[in-house]
Amino acid sequence: MPDAAPSLVLDSVGAGYGALQVLWGVSLVVTAGEVVSLIGPNGAGKTTVIKAILGLVPVREGAIRFKGERIDGRAPEEIVQRGVAVVPEGARVFPEMTVVDNLRMGALVPRARARETASMAEVFAMFPRLAERKLQLGRTLSGGERQMLAIGRALMARPELLLLDEPSLGLQPSLVCSIIDAIRGINERGLSVLLIEQNVHFSLPISHRAYVLEEGRVVMEDAGAALLENPHVRVSYLGV
Amino acid sequence: MTFLADLIQTLINGILQGGVYAAAAVGLSLIFGVSGILNAAHGELVMLGAFATYWLSTLYRIDPLLTLPISFGLLFVLGYALQYFVLNRTLGRPLLLSLLVTFGISLVLLNVALRLWSADYRLLRIPYLERSLVVGPLILPLARVVACVVGIGMVAALSWLLASTRLGRMIRATAQDLEMARMVGVNPRTVYAVTFGLGAGVSGVAGSLVALYAPVEPNMGLMWGGLTLGVAQALTETYLEAGLSLLVAFALLYLILRFMPAGIMGKGRLE
């Protein structure tokens, strides 16, 4: 069960690219041990939320705190060293690197280096498919394997907070289920998770809470299961 | 028979030269492949490496072969500093800007070398390398053989570093997906500086190897400019776009004509 300490706090965050403002006063909280989903239509700014947390998009207003410390305005490489890891949109495995080297890159942050070997064994136990493809290059993997590798790479960093951006995009339903199961398993080991996922009927049941983002603003917040029953969400995101 | 023997001998000299070219080219292409910087000062780094070996063995009586790691270290530090303090400011800007900056750096390095050491040719005397290996009718000058072997060894060492070390993985990851590399904790500014340092170090050693068998002079770097042009074109075709390769070639030529109207070998006009 989630304990009380907030892991990640976005406080009225405004962010954007150049003249284009994408996020307007976005506030959200991920409490330690929680799975929090962020849902919304394409172009609502979900990916920008993750990029703002990681310092890839400048935060113009408001503040972002991780474990109580301000992280907005910091460089991405600094933020991830504090215990944030990401599975970015499209997995973005290093294409010309083997599975093993991709995983090793995940363990680059100082907090994870000493446990590289143990972490890799855990990742291979979680995704046996990756163990069968240890020496294959990233670009030769299937879409599902890339997502597994991206999740494994993120776990190698021994993070406290995992950000996932559409980890099931373009995957067949059976693979979506196994990715969602993996996320649930990761959370049960104590990691906090912020999840962007189109397949809300898969993601909301495993989410403690969820936020609905539309046109760069948070328009709704509720328990995951409750949002699944919400008429607006059912019409907009489930097509019911 | 003599014609054939001469031809074969010439070819062998050329092949032995290839090991040194390989080391110099790999230094240039590493920098371009990772940082997207076309290093127009490449030839000057080669020249500085050659002078490092020349002066260290002439003034301090260090065995020329032992100067190779020192040459690498000196050029590594210079390259690291150039990238960290100067070239990192051109990150995310058009290719032409870094080309212009490195071109400026090349002019500075060349003119400092001319001022300090004049345009004189200086040849190292290394008695124990002046022998030749005789294989049947063929004569293999020992200095060239050593240079070739060490040059190939440098390329192999660099390949090993890139393939099998944490630093190498960081460099490769940065080259393959900069933003993702940052998202796993890579500081790109440091990686670019180390990469330029490695490229400069390898190029410097290439210069040191040339100094084992050929005269050293500040303008020797200009000859390596031809290498820059050829490699730059090939790299542009591979990594950027085939259509851009002519643009890059002409941009380089424009810069050369603009700043060296007396021609590449126009000595005496650069004082």
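Which residue takes a positive phi in the hairpin of β4(A) and β5(A)? That one is picked up in point 2, after a word on what kind of model this is.

1. A reminder before anything else: this is a predicted model. My notes start with the two sheets of chain A, then move on to the salt bridges and the contact with chain B.

2. The residue asked about above is A:Lys67, with a phi near 50°. The hairpin has two residues between its strands. Its two strands, β4(A) and β5(A), run antiparallel and are joined by two bridges. If you want a spot to look at, A:Arg65 sits opposite A:Arg70 of β5(A).

3. Zooming out, that hairpin belongs to an open sheet of four strands in chain A, ordered β2-β1-β4-β5 and paired in the antiparallel sense. At the edges you'll find β2 (20–31) and β5 (69–70) of chain A, each of which pairs on one side only.

4. Further into this sheet, β1 (residues 6–17) and β4 (residues 59–66) of chain A are antiparallel and share six bridges. Two places to check the register: A:Leu10 has A:Ile64 of β4(A) as its bridge partner, and A:Asp11 stands opposite A:Ala63 in β4(A). As a general reminder, side chains in a regular strand alternate between the two faces of the sheet.

5. Chain A has another open sheet, this time of six strands with mixed pairing, in the order β6-β7-β8-β3-β9-β10. The edge positions go to β6 (84–87) and β10 (217–223) of chain A; each has a single partner strand, so one side of each is left without a neighbour in the sheet. From one strand to the next, the twist averages 15°.

6. For a parallel pair in the six-stranded sheet, go to β6(A) and β7 (residues 161–165) of chain A, which are linked by four bridges. Here A:Val84 stands opposite A:Leu161 of β7(A).

7. Now for the helices. Helix α1(A) packs on the six-stranded sheet, where it touches β3, β6, β7, β8 (192–196) and β9 of chain A and makes about 145° with the direction of β7(A). Helix α7 (residues 143–156) of chain A packs there too, touching β6 and β7 of chain A, and its direction makes about 175° with that of β6(A). Going back to the four-stranded sheet, α1 (residues 46–53) of chain A also lies across β1, β2 and β4 of chain A, at about 110° to β1(A). Helix α1(A) therefore turns up in the descriptions of both sheets.

8. On charges: over all chains, the structure holds 22 salt bridges. One of them joins A:Glu34 to A:Arg209, with the closest N and O atoms 2.7 Å apart. Because A:Glu34 lies in the loop between β2 and β3 (35–39) of chain A and A:Arg209 in strand β9 (residues 209–214) of chain A, the pair ties together parts that are 175 residues apart in sequence.

9. What does the contact between the chains look like? Chain B puts 18 residues in contact with 24 residues of chain A. Together the two chains bury about 2000 Å², and 60% of that is on carbon and sulfur atoms.

10. The interface of chain B and chain A also has four salt bridges. Take a look at the one between the side chains of B:Glu179 and A:Arg92, at 3.0 Å from N to O. There are also five residue pairs in polar contact across the interface of chain B and chain A.

11. On the chain B side, α6 (166–176) and α7 (178–183) each supply at least two of the residues that touch chain A. The biggest contributor is α6(B), with six residues. By residue type, the side of chain B that touches chain A splits into nine nonpolar, three polar and six charged.

Conventions: Residues numbered from 1 in each chain as written. Chains lettered and ligands numbered in written order. Predicted model: local features only at pLDDT ≥ 70, side-chain atom pairs only at ≥ 80, totals over all residues. Heavy atoms only, no water. Contact = heavy atoms within 4.5 Å. Buried area = accessible area lost by both parts, 1.4 Å probe. Polar contact = N/O pair within 3.5 Å; in protein donor to acceptor, adjacent residues only side chain to side chain. Nonpolar A, V, L, I, M, F, W, Y, C, P; charged D, E, K, R; others polar. Pairing = 2+ DSSP bridges. Axes fitted to C-alpha atoms, helices over the stretch in contact; angles between N-to-C directions.
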